[in-house]
Amino acid sequence: MDILKLYSKKVFNFDINISPRLNLLDYIDRLFKIGKFSNSEIIVSIIYIERIKSISNNLTKNNINLIFALSLMISEKWLNEYDLDF
């Protein structure tokens, strides 16, 4: 089985049909309190979202929380793996 055939499609639509119960600021606040994320991880996540927004028009109020959670996970992994020794 060719692995490229499994992942040949790119997913660009993260839109869901249900509106989130929390707006983005409340969602960030909740993740910040519960997840114990650092300020730098939140900032890098917002930078990722700005980059996504600059290349795509697919950010909506229905998918912004999901995309923020994904960008937060990526920023946390990146910052923990590549310790910048500040």
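Contact here means heavy atoms within 4.5 Å. The model shown in every view is predicted.

**Figure 1. Surroundings of Ile49 in the predicted model.** Leaving out residues up to four places away in sequence, Ile49 touches Leu59, Ile64, Ile67, Phe68 and Ser71. Ile49 is one of the buried residues of α3.

**Figure 2. The largest nonpolar core.** Seven residues form this core: Ile28, Ile42, Ile49, Ile64, Ile67, Phe68 and Leu72. Two elements, α3 (39-55) and α4 (64-81), each give two or more residues to the core. The largest share, four residues, is that of α4. Nonpolar side chains tend to be buried together in soluble globular proteins.

**Figure 3. The two sides of helix α3.** The helix α3 has 17 residues and reaches 25 Å from its first C-alpha to its last, close to the expected 24 Å. Its buried residues are Glu41, Ile42, Val44, Ser45 and Ile49. These residues lie on the same side of α3 because they cover an arc of only 165° around the axis. Asn39, Arg51 and Ser54, on the other side of α3, are exposed. The buried residues of α3 pack against α2 (24-35) and α4.

**Figure 4. The whole protein, for orientation.** The secondary structure comes to four helices and zero strands, and the elements run α-α-α-α from the N terminus on. Of the 86 residues, 19% count as buried. The accessible surface comes to about 7,300 Å², with 60% of this surface belonging to carbon and sulfur atoms. Among contacts between residues at least 6 apart in sequence, 70% join residues at least 24 apart.

Notes
Residues numbered from 1 in each chain as written. Predicted model: local features only at pLDDT ≥ 70, side-chain atom pairs only at ≥ 80, totals over all residues. Heavy atoms only, no water. Core = buried A, V, L, I, M, F, W, Y, C linked by side-chain atoms within 4.5 Å. Buried < 20%, exposed > 50% of the residue type's maximum accessible area, 1.4 Å probe, protein only. Expected span 1.5 Å × (residues − 1). Arc of directions from axis to C-beta. Areas by Shrake-Rupley, 256 points an atom, 1.4 Å probe, with all protein chains shown as cover.
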